[in-house]
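Please look through the sequence and the model shown here before reading on. The report is meant to be read beside them.

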Amino acid sequence: MRAPGGARSIWTGIARRAALAAGAALIHAGAGLHRLGRADGDAETVPALPAPDYEPHDRAQLEADLRRGISEDEIVPYYQPILALGTNELVGFESLARWRHPHRGIIDPDIFIPIAEDTGAINDLCFALLRQACGDIRRWPPHLTLSINVSPLQICDSELSLRLLQILYANGLAPGRLIVEITESALIANVAAARRTITSLRNAGIKVALDDFGTGYSSLHHLRELQFDRLKIDRSFTQALGTSAGDTIMRAIVDLGGGLGMPITAEGIETAEQAGTMDQLGCAYGQGFMYGRPMPAADALVHIAQAEQSAPRARAVG
Ligand code: C2E
Ligand code: CA
Ligand code: CA
């Protein structure tokens, strides 16, 4: 469902359930803290089935494949458009990783990101994706931003900001075009380390967004402690629009972001009604299937050309 541009293998569906089941077991064991903040909500809707017999073998095979997949650039950034809600102008894309596995087809990040985290390959994966994205972005107009996801495990890495900067400079990309998305779960384990990383990223001119806002344990606490350039409201809140409680909560979040000087991006916009409501509430940016699903680099170029044709205006870099 989230893998346009490639047939999603049956294996992926089965493995996803197995991975979720394994994740649930880890969480119960208290060992999966860094995954608690995954905001898909899927963990609650998919029953925690015992992993099938073949899963350990498959996982071992995938672990072995992953190193090769990273070094051979089999894992590629797909790009999902982000728009300014007031004008419907394209302002940037979020990079969402897809593994073009030579035998298994397209594999979703929910499967391989946890493996990359567990095997210590998450930094290499992140940097490989950014390098590829830098190549893609050279063909984009300069006002478009790139948002990347970093794993909660990476936030405590004191060298993260330096490594990202090195890649940007090596590829001639201005730091101001990069937005690093951090989930709230990243802040739970070590707020002090997260603060150092966020400060260092922002001092370097890289923007920082708080992803899946509202799903963490202490969202408001984090807003008092840390300064973000954007708040991304989790799509579960967008889906609740149209109900009295849903509308009230959304209005409060948008007002909160406004008061703190942190523009809001609404995730998971699928209908014109949702887009209209968010615009009326004063939400700055929107992202969701209504505007476009995550797409390969070539399709993103076509998307950009179409967006430029429908809104050919001078824009400020933001
Ligand atoms: P996320 O960062 O919250 O990304 C948004 C997810 O919501 C994406 O799933 C996207 O395809 C999906 N989505 C976007 N719009 C809609 C919509 O309108 N409706 C619905 N139902 N879904 C929508 P995806 O691509 O499967 O990514 C899942 C998660 O995997 C991401 O959640 C992110 O946490 C993680 N991820 C993806 N790429 C990377 C990466 O390169 N590095 C790291 N560390 N994590 C990544
Ligand atoms: Ca994200
Ligand atoms: Ca999100």
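What follows describes the confidence of the model, the fold, one helix and its packing, the nonpolar core and the surroundings of the ligand.

The model is predicted, and the protein chain has an average pLDDT of 83, with 80% of the residues scoring at least 70. Over residues 1–54, however, pLDDT stays under 50, and for this stretch the model has 79 contacts beyond four places in sequence.

The protein chain holds 14 helices and nine strands. Of its 318 residues, 40% count as buried, and among the contacts between residues at least 6 apart in sequence, 70% link residues that are at least 24 apart.

Helix α7, residues 160–170, shows how a helix can present two sides: its buried residues are Leu 160, Ser 161, Leu 164 and Leu 168. Seen down the axis of α7, these buried residues fall within an arc of 90°, and therefore they line one face of the helix. An α-helix has 3.6 residues a turn, so residues three or four places apart point the same way. The face of α7 turned away from the buried side carries the exposed residues Leu 162, Gln 166, Tyr 169 and Ala 170. The cover over the buried residues of α7 includes α5, α6, β5 and α9, and just after α7 Gly 172 adopts a positive phi of about 70°.

The largest nonpolar core comprises 71 residues, and those with the most contacts inside it are Ile 75, Phe 112, Leu 125, Leu 129, Val 180, Val 208 and Ile 264. The largest share of this core, eight residues, is contributed by α5. When its neighbours within four places in sequence are left aside, Val 180 is in contact with Ile 148, Val 150, Leu 201, Ile 206 and Val 208.

Which residues come nearest to ligand 1? Of the 22 residues around the ligand, they are Leu 96, Ala 97, Pro 109, Gly 288 and Phe 289. At least two residues of the shell around ligand 1 are supplied by each of β2, α4, α5 and β6, and the largest share, three residues, comes from α4. The classes of residue in this shell are set out below.

| Class in the shell around ligand 1 | Number |
|---|---|
| Nonpolar | ten residues |
| Polar | five residues |
| Charged | seven residues |

Key. Residues are numbered from 1 along each chain as its sequence is written. Chains are lettered from A and ligands numbered from 1 in the order in which they are written. This is a predicted model: local features need pLDDT of at least 70, side-chain atom pairs count only at pLDDT 80 or more; totals for chains, interfaces and linings use all residues. A residue is near a molecule or strand if its C-beta atom, placed from the backbone, lies within 6 Å of it. Helices (H or I, at least four residues) and strands (E, at least two) are DSSP runs, numbered from the N terminus. Ala, Val, Leu, Ile, Met, Phe, Trp, Tyr, Cys and Pro count as nonpolar, Asp, Glu, Lys and Arg as charged, and the others, Gly among them, as polar. A residue is buried if 20 or more other C-beta atoms lie within 10 Å of its own, exposed if 12 or fewer, and partly exposed in between; C-beta atoms are placed from the backbone. Two residues are in contact if their C-beta atoms, placed from the backbone, lie within 7 Å. The arc is that of the directions from the helix axis to the C-beta atoms. A nonpolar core is a set of buried Ala, Val, Leu, Ile, Met, Phe, Trp, Tyr and Cys residues joined through C-beta atoms within 7 Å. pLDDT is the predictor's confidence in each residue, from 0 to 100.
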